[in-house]
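Work through the exercises below with the model open. Try each task before you read its solution.

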Amino acid sequence: MAPTSIIDETKASVQQLPLDKKLDEQEVQNLIQKLASIGPVGSAQHNTKGRTGYDTEWVNKIPETTRQRYEKYGIDVSKGYPYIPTIDKIPKFVDEAFAIRNEEYPFIERGKNADPEKKALFGAAKDVINLTPYVGTEIVGLQLADLDDKQKDELALLIAERVVVFFKDQDLSPKKQLELGKYWGQVEVHPQANRIGPDYDGITVIWQDYFNEKGGLGLSFQRSRQGTSRWHGDLSHEFQTAGITHLHQDSIPDAGGETIWSSTYGAYDKLSPAFKEFLDGKTAIFKSAHVYLSRENPLKGPKHVEREHPIVRTHPATGWKYLFVNRSYTTRIVGLLPEESDAILNYLFSVIENNRDIQVTFSWQQKLPGLKSPSDAHKTYRGTSALWDNRIANHNVIHTNESIKGRHGTRVASLADAGYFDPDSKSQREALGLSLD
Ligand SMILES: [Fe+2]
């Protein structure tokens, strides 16, 4: 049955019900089944229009350098692009979505036992450039695809210390990107996000033009604070939240589309000792970006997956405390009145978002050897990778409908630990012997 007819039929069923009538069990079940068969509810921020399967219209709009990358690595997009799992594979009810990865799995913190001097990684690089004193490092002259395990461990430690690490001029297949992600943790497989195809679970397509025009994101010059251009952390609602997250941009606009990362080690250190003491040990509720139906009351509107995490956590590799909240997905601090929670969370968000000294802004543009100017780079596939630890960062893309034109990439997120707070751990500045004034 076509989705529209199910929607019409369901609407008609609902309209026929007297408002004060209590539904009997069978009527409730019938309505639930009809609602569940309509399609995925989608993202809370997009009007996804319930599309699933291959997109046959936008396959022709794949950016040139992305197409070069896919052709080089034998990726067939002839059936359409991007791809969303078919309706039978997508959870409809929030309890089904909550059940995904809702249990502890073994996690190895790869940076924990790495060489603190990172001799294997730095020794092989042409240059290592710190972009700010404590946030953001660019590694020059190394291909991610060629790293050995020792270097991958050292890179994991570097990311844990520097929050985000960049590699420009990369030649990286999606398969290799996935393989790297699996080394650093269980790779998140999103139940309803866009991907390359049905055989590419774990690689999420990040294509803002597509989200905007086809996905209903609705970016415009005046509505630029949508989607990833709001401050957020990825996947903070997961049982084990995202650690190393790797976005590889294989198509980069000539100008614009920069990303800002803010260190939540730094944000924690901006707080007074008394306020730190108040927050230590508290937990908060985190919601998913995508929404589902409530099984008890599917007519009540979409529901987010929600999980509780400590808001001050200790990073297993560095041993440093960090703040774990983000404006898009942290909804309330457990145990406080709503007004208290709102006031405190808004203050914490402002510390993360407004302190430029704990942030790095990264321009994805690159000058490639043999090209006359950086603006020629978008004609030849050599991608740029950013690898950040979502536990210790919030991020935000500077974009409007204009500056994202032509931006396309693939993202692989390695899930990390479930989050813990060690009251004996130190903050970054305490551990490094820096002034806390
Ligand atoms: Fe993001």
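**Exercise 1. The surroundings of W388**

Task: List what W388 is in contact with, leaving aside its neighbours within four places in sequence. Then place W388 in the nonpolar core.

Solution. Start with the contacts. W388 is in contact with I159, V163, V164, T245, W261, A393 and H395, once neighbours within four places in sequence are left aside. This is a predicted model.

Next, the core. The largest nonpolar core has 51 residues. W388 is among those with the most contacts inside it, together with A156, I159, V164, V165, I311 and L323. Helix α6, residues 149-162, contributes the most to this core, with six residues.

Then look for other cores. A second, separate core has eight residues, including I203, L235, V412 and A416. As background, nonpolar side chains in soluble globular proteins tend to be buried together.

**Exercise 2. Strand β19 and its partners**

Task: Decide how many residues of β19 are buried. Then find how β7, β8 and β9 pair with β19.

Solution. Step one is burial. β19 spans residues 408-415, and eight of its eight residues are buried.

Step two is side-chain direction. H408, T410, V412 and S414 point one way. G409, R411, A413 and L415 point the other way. Both sets are buried.

Step three is pairing. Take the partners in turn:

- β7, residues 186-187, pairs with β19 in the antiparallel sense over two bridges. V187 has S414 as its bridge partner.
- β8, residues 204-206, runs antiparallel to β19 and is joined to it by three bridges. Here V205 stands opposite T410.
- β9, residues 242-251, pairs with β19 over seven bridges, again in the antiparallel sense. H246 has V412 as its bridge partner.

Link this back to the cores. V412 is the bridge partner of H246, and V412 also belongs to the second core of eight residues.

**Exercise 3. The buried face of α3**

Task: Which residues of α3 are buried? Why do they line one face of the helix?

Solution. Helix α3 covers residues 64-72, and its buried residues are T65, T66 and R69. Seen down the axis of α3, these buried residues fall within an arc of 105°, so they line one face. The general rule is helpful: an α-helix has 3.6 residues a turn, so residues three or four places apart point the same way.

Now ask what lies over that face. The cover of the buried residues includes β9, β17 (383-389) and β19. Finally, check what follows the helix. G74 comes after α3, and its phi is positive, near 65°.

**Exercise 4. An open sheet**

Task: Give the strand order of the open sheet of three strands. Identify its edge strands.

Solution. The order is β16-β10-β18, with antiparallel pairing. The edge strands are β16 (359-362) and β18 (393-397), each pairing on one side only. From one strand to the next, the twist averages 15°.

Zoom in on one pair. Four bridges join β10, residues 259-263, to β16. I260 of β10 stands opposite T361 in β16.

**Exercise 5. Two loop residues**

Task: Are K126 and Y105 buried or exposed? Find what each one touches.

Solution. Take K126 first. K126 is in the loop between α5 (119-124) and β4 (127-130). K126 counts as exposed because it has 8 C-beta neighbours inside 10 Å; the cut-off for exposed is 12 or fewer. Beyond four places in sequence, K126 is in contact with V140 and G141. K126 and G141 are 15 residues apart in sequence, yet 4.9 Å apart C-alpha to C-alpha.

Now Y105. Y105 lies in the loop between α4 (94-99) and α5. Y105 is exposed, with 11 other C-beta atoms within 10 Å. Not counting residues up to four places away in sequence, Y105 touches Q186 and Q240. Y105 and A418 are 313 residues apart in sequence and 9.4 Å apart in space, C-alpha to C-alpha.

**Exercise 6. Confidence and overall numbers**

Task: Where does pLDDT stay under 50? Put that stretch beside the totals for the protein.

Solution. The stretch is residues 1-15, for which the model has 14 contacts beyond four places in sequence. The protein averages a pLDDT of 89, and 86% of the residues score at least 70.

Close with the totals. The protein has 12 helices and 20 strands. Of its 437 residues, 43% count as buried. Among contacts with a separation of 6 or more, 81% are between residues 24 or more positions apart.

Conventions
Residues are numbered from 1 along each chain as its sequence is written. This is a predicted model: local features need pLDDT of at least 70, side-chain atom pairs count only at pLDDT 80 or more; totals for chains, interfaces and linings use all residues. A residue is buried if 20 or more other C-beta atoms lie within 10 Å of its own, exposed if 12 or fewer, and partly exposed in between; C-beta atoms are placed from the backbone. Two strands pair if DSSP finds at least two bridges between them. The arc is that of the directions from the helix axis to the C-beta atoms. Two residues are in contact if their C-beta atoms, placed from the backbone, lie within 7 Å. A nonpolar core is a set of buried Ala, Val, Leu, Ile, Met, Phe, Trp, Tyr and Cys residues joined through C-beta atoms within 7 Å. Axes are lines fitted to C-alpha atoms, for helices over the stretch in contact, and angles run from 0 to 180 degrees between N-to-C directions. pLDDT is the predictor's confidence in each residue, from 0 to 100.
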